[in-house]
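The exercises below ask you to read packing and pairing from a three-dimensional model. Try each task before you turn to its solution.

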Amino acid sequence: MNVSHLQKLFFRAGVNPGTVKSIEELRGDASTRTYFRVTLEGKDGAGDATTTMVMMKYPASHVVDGELAYLNVHRYMTAAGIPVPRVYLHIPEEEILLLEDAGDTTLEDMVEKIGFGRKVTEIYEDAIDQIVAVQRRGSRCLDGRALPSKHSFDFDKLMWEMNFLATWGLEKLESVRGRKRVVSDFAVHIEPVINDIITLPLVLAHRDYHSRNIMVLPGGGIRIIDFQDARMGSAYYDLSSLLFDSYVVIPESKRDRLFSRYTGQVEGEPFATWKSGEEHFDNLFTMAIQRNLKALGTFFFMFHGRGDGRYLRYVGPTITYLRENPVLKNKYGRLSAHILPLLESLADQIKNKGGGFIEGYDPRGRPGDQAPSSDV
């Protein structure tokens with residue numbers, strides 16, 4: 001896509017956002033979408049002010065039931081008042097979407113830059129409030145046309161994610177004999193965790209709610225991105241993603257306060273079914289087991305499947321979350337005894353390839369500690 005072609009597309013669409021001055025490709029991650037920053041001058045011929053927007057180029061496979069999944073989910077997120085980037089223009093024949101430019105600063109970047117001071121704490125509190133809004137208002141907005149209402153984190157989906165870890169992690173172990181038995185035993189031991197998760201009520205879940213998918217605007221507001229794969233899930237799904245984020249380790253005391261902030265807002269909601277604080281705590285840590293194992297599967301897939309080792313540095317902190325998970329240790333002891341040594345072996349295996357444990361790194365999170373920033 002060059003400048004003149006995009007300008008012609010604007011003209012053909014009957015819009016005049018300004019003169020296209022440049023198109024710059026943005027850094028990507030594991031997504032199959034490609035993003036560009038479009039710089040424009042002189043909106044509607046009014047002076048020479050410069051504005052920017054983000055252009056998303058998406059593959060045809062992202063159109064589901066005749067509608068781009070991003071736009072489908074965006075509609076319900078917007079109706080629920082969730083701060084997602086505005087959509088300026090969709091040109092389906094070119095498979096591009098023009099969006100509000102939410103900048104380059106993620107929540108992870110903010111933590112790296114200024115640590116867990118007051119400002120970052122307030123942003124995390126806002127992020128928690130948005131989880132509540134997605135679960136409460138977002139769930140109520142869904143109707144029969146909503147893609148998220150047609151999909152859920154049921155037994156098959158959650159187990160599929162665990163099989164993903166088995167395929168791209170456990171089956172790549174170099175020093176373990178009887179890999180098939182290792183994988184089949186993992187399936188047996190993880191099954192009780194999945195069975196406990198699927199007993200919980202379902203709400204709308206963002207699905208990938210972590211510090212890299214929360215953009216921080218210059219004024220401190222946030223934009224939630226990467227929501228197009230939202231589906232129904234446990235109320236703890238997004239919560240554990242944020243509180244046990246592989247990219248940013250929140251200090252334990254702050255994590256506890258954020259958990260309490262969430263709890264205080266959802267008590268009385270139909271999905272808040274826990275009967276005690278202990279049960280509520282167990283639910284969170286049970287969900288965290290699955291989310292952390294899922295994250296490891298993604299990191300190993302990026303390395304073994306795509307030849308991209310940039311995510312290996314987050315393997316160590318994620319394993320540490322699991323090692324320190326009290327519910328994994330006390331309630332799912334067989335899984336703990338089986339999977340932790342295997343994960344330690346995997347971490348050793350990648351030590352000289354960009355991954356493994358980070359020397360001197362305390363994943364429990366002293367104030368200001370966090371996973372190192374990514375160059376993704």
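A crossing of two helices is called left-handed if the near helix is turned anticlockwise from the far one by less than a right angle, and right-handed if clockwise. The model is a predicted one, in which local features need pLDDT of at least 70 and side-chain atom pairs count only at pLDDT 80 or more, while totals for chains, interfaces and linings use all residues. Residues are numbered from 1 along each chain as its sequence is written, and side-chain values use heavy atoms, with hydrogens and water left out.

**Exercise 1. Helices α9 and α12**

Task: Find at what angle the axes of helix α9 and α12 cross, and work out which residues make the contact.

Solution. Begin with the elements themselves: helices (H or I, at least four residues) and strands (E, at least two) are DSSP runs, numbered from the N terminus. Helix α9 covers residues 277-304, and helix α12 covers residues 333-349. Axes are lines fitted to C-alpha atoms, for helices over the stretch in contact, and angles run from 0 to 180 degrees between N-to-C directions. The axes of α9 and α12 come within 13 Å and cross at roughly 30 degrees. This makes α9 roughly parallel to α12, since angles under 35 degrees count as roughly parallel, over 145 as roughly antiparallel, 65 to 115 as roughly perpendicular and the rest as oblique. The crossing of α9 and α12 is left-handed.

Next, look at the side chains, where contact means heavy atoms within 4.5 Å. On α9 the contact is made by Ile289, Leu293, Leu296 and Phe300, and on α12 by Leu335, Ile339, Leu343 and Leu346. Sorted by class, this contact has 8 nonpolar, no polar and no charged residues; here Ala, Val, Leu, Ile, Met, Phe, Trp, Tyr, Cys and Pro count as nonpolar, Asp, Glu, Lys and Arg as charged, and the others, Gly among them, as polar.

**Exercise 2. The neighbours of helix α4**

Task: Describe how α4 crosses α3 and how α4 crosses α7.

Solution. Take α3 (residues 107-114) beside α4 (residues 118-141): their axes come within 10 Å and cross at roughly 160 degrees. That angle makes α3 roughly antiparallel to α4, and the crossing is left-handed. The contact joins Leu107, Met110, Val111 and Ile114 of α3 to Lys119, Val120, Ile123 and Tyr124 of α4, a set that divides into 7 nonpolar, no polar and 1 charged.

Now turn to α7 (residues 236-243), whose axis comes within 10 Å of that of α4 and crosses it at roughly 165 degrees. These two helices are therefore roughly antiparallel to each other, and their crossing is right-handed. Tyr124, Ala127, Ile128 and Ile131 of α4 meet Asp238, Leu239, Leu242 and Leu243 of α7, and by class there are 7 nonpolar, no polar and 1 charged residues.

**Exercise 3. The open sheet**

Task: Establish in what order the 5 strands of the open sheet lie, and which strands stand at its edges.

Solution. Two strands pair if DSSP finds at least two bridges between them. Following the pairs gives the order β1-β2-β3-β7-β6, with antiparallel pairing. β1 (19-25) and β6 stand at the edges, each with a single partner strand, so one side of each is left without a neighbour in the sheet. On average, neighbouring strands are turned by 25 degrees against each other, direction ignored.

At one edge, 6 bridges join β1 to β2 (residues 34-41), and valine 20 stands opposite leucine 40 in β2. Helix α1 (residues 3-13) packs on the sheet, touching β1, β2, β3 (50-57), β6 and β7, and its direction makes about 125 degrees with that of β1. Helix α2 (residues 69-79) also packs on the sheet, where it touches β3, β6 and β7, with a direction about 150 degrees from that of β6.

At the other edge, 4 bridges join β6 (residues 87-91) to β7 (residues 96-100), and leucine 89 has leucine 98 of β7 as its bridge partner. The hairpin of β6 and β7 has 4 residues between the strands, and glutamate 95 takes a positive phi near 55 degrees there.

**Exercise 4. Buried or exposed?**

Task: Decide whether glutamine 349 counts as buried or exposed.

Solution. Buried means under 20% relative accessible area, exposed over 50%, and partly exposed in between (1.4 Å probe, protein chains only). Glutamine 349, found in α12, has 14% relative accessibility and so counts as buried. Not counting residues up to four places away in sequence, glutamine 349 touches Lys172, Leu173 and Glu174.
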